[in-house]
Amino acid sequence: MNADKIHQRSIPQTTTLLKTSNNVSINNFNLKKTNNSTTKWGSIADASFLQWTTSDVFGLFKYHPVPCFFALSLLFFMGVEYTLRMIPPSSPPFDIGFVATAYLHRFLVASPTLNTVLAGLNTVFVGMQTTYIIGTWVIEGRPRATIAALFMFTCRGILGYSTQLPLPEGFLGSGADFPVGNVSFFLFYSGHVAGSVIASLDMKRMHRWELAFLFDTLNLLQVVRLLSTRGHYTIDLAIGVGAGMLFDSLAGKYMKKAMAEGGDVLYTNLPHLS
């Protein structure tokens, strides 16, 4: 490329780029020239920010509002963090999800039968997740969701054992809840939520929009129930959502790599690769 290439920044994706006879790119938003080579850290005179213009600054807010929002959020939460009163070791953790569901918690405390019924329904939903995730492999020949779940539960086991959080105060257990029988379980992070996300993402890839909407709705209700029964902290559930997305993505990368290396043995129905 010619060293006179015009530098682009803060422009919409629809900006039209033109080529001059000298192979110089020109866009209709920013015509500022800059050197194409990488600036060395020791050469402050060639630093990128010294070439910013007023248009660049205002264009950043106009065309990239999401990163700007996160930048403002960073400043806000820095203020919150540095002025917050820390929870002493003798006190239970503060959880905003528990505050938001305080009424539902009191209602379930007074209605143990309803608590058991909801626990049983939640277990049915876990069975739905499991059936779908395994079925995508053994029936449809698409193992991505199954591999994602294996990745996710392995990581959950490692992290859950590494930091064993105390059982939330006011926990409402039930023999009908999964895992059935009032057995012990890892709090961090929620496998219920992560499994639901993995199943939903697979449904969306296959354009099963109604089924994905159903799973997302049931997952949201599951989150409300788990907070109301103090079965998980808010952070367990939030990380569960992120874990589902992360391990689905990692499973996709794994499958692409495996296929590139000729490892298609997991597939029984090759036309449905995903």
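These legends go with a set of close-up views of a predicted model.

Residue numbers start from 1 along each chain as its sequence is written. Since the coordinates are predicted, local features need pLDDT of at least 70 and side-chain atom pairs count only at pLDDT 80 or more, while totals for chains, interfaces and linings use all residues; side-chain values use heavy atoms, with hydrogens and water left out.

**View 1. The whole chain, before zooming in.**
The protein chain has 9 helices and 2 strands; these are DSSP runs, with H or I over at least four residues for a helix and E over at least two for a strand, numbered from the N terminus. Reading from that end, the order is β-β-α-α-α-α-α-α-α-α-α. Of the 274 residues, 33% are buried; that label means under 20% relative accessible area, with exposed being over 50% and partly exposed in between (1.4 Å probe, protein chains only). Take the contacts with a separation of 6 or more, and 70% of them come from residues 24 or more positions apart (a contact is heavy atoms within 4.5 Å). The chain exposes about 17,300 Å², and carbon and sulfur atoms supply 68% of that; the areas come from the Shrake-Rupley method with a 1.4 Å probe, and for residues only the protein chains shown count as cover.

**View 2. Arg142 and its two acidic partners.**
Arg142 sits in the loop between α5 (112-138) and α6, and its side chain meets that of Glu140 in a salt bridge at 2.6 Å, N to O. For the record, a salt bridge here is a side-chain nitrogen of Lys or Arg within 4 Å of a carboxyl oxygen of Asp or Glu. Arg142 also pairs with Asp202, the closest N and O atoms being 2.8 Å apart. That second pair links distant parts of the chain, 60 residues apart, with Asp202 in helix α7 (residues 191-205). How do the partners sit relative to solvent: is Glu140 buried, partly exposed or exposed? Glu140 is partly exposed, with a relative accessible area of 22%, whereas Arg142 counts as buried at 1%.

**View 3. Asp202 and Arg205 along helix α7.**
Asp202 has another salt-bridge partner in Arg205, with the closest N and O atoms 3.3 Å apart. Why can these two pair up within helix α7? They are 3 residues apart in the helix, so about one helical turn separates them. Asp202 is buried, at a relative accessible area of 0%, while Arg205 counts as partly exposed at 26%.

**View 4. Arg144 and the wider network.**
Arg144 lies in helix α6 (residues 144-162) and is buried, with a relative accessible area of 15%. Its side chain makes a polar contact with the side chain of Asp248 at 3.1 Å. A polar contact is a pair of N or O atoms within 3.5 Å; within protein, one must be able to donate a hydrogen and the other to accept it, and residues adjacent in sequence count only if both atoms are side-chain atoms. The C-alpha atoms of Arg144 and Ile134, 10 residues apart along the chain, are 9.9 Å from each other. Pull back a little and a salt-bridge network links Glu140, Arg142, Arg144, Asp202, Arg205, Arg208 and Asp248. Searching the whole structure turns up 8 salt bridges.

**View 5. Two cis peptide bonds between α6 and α7.**
Most peptide bonds are trans. Phe178 and Pro179, however, are joined by a cis peptide bond with omega of about 0°, and Pro179 is in the loop between α6 and α7. Which residues share the other cis bond in this view? Phe188 and Tyr189 do, with omega of about -5°. Tyr189 is in the loop between α6 and α7.

**View 6. Positive phi at His207 and Arg230.**
Most residues other than glycine have a negative phi. His207 is not a glycine, yet has a positive phi of about 60°; its place is the loop between α7 and α8 (209-228). Arg230 also has a positive phi, near 60°, and is found in the loop between α8 and α9 (234-260). Which side of the burial cut-offs is each on: is His207 buried or exposed? His207 counts as exposed at 56% relative accessibility, but Arg230 counts as buried at 7%.
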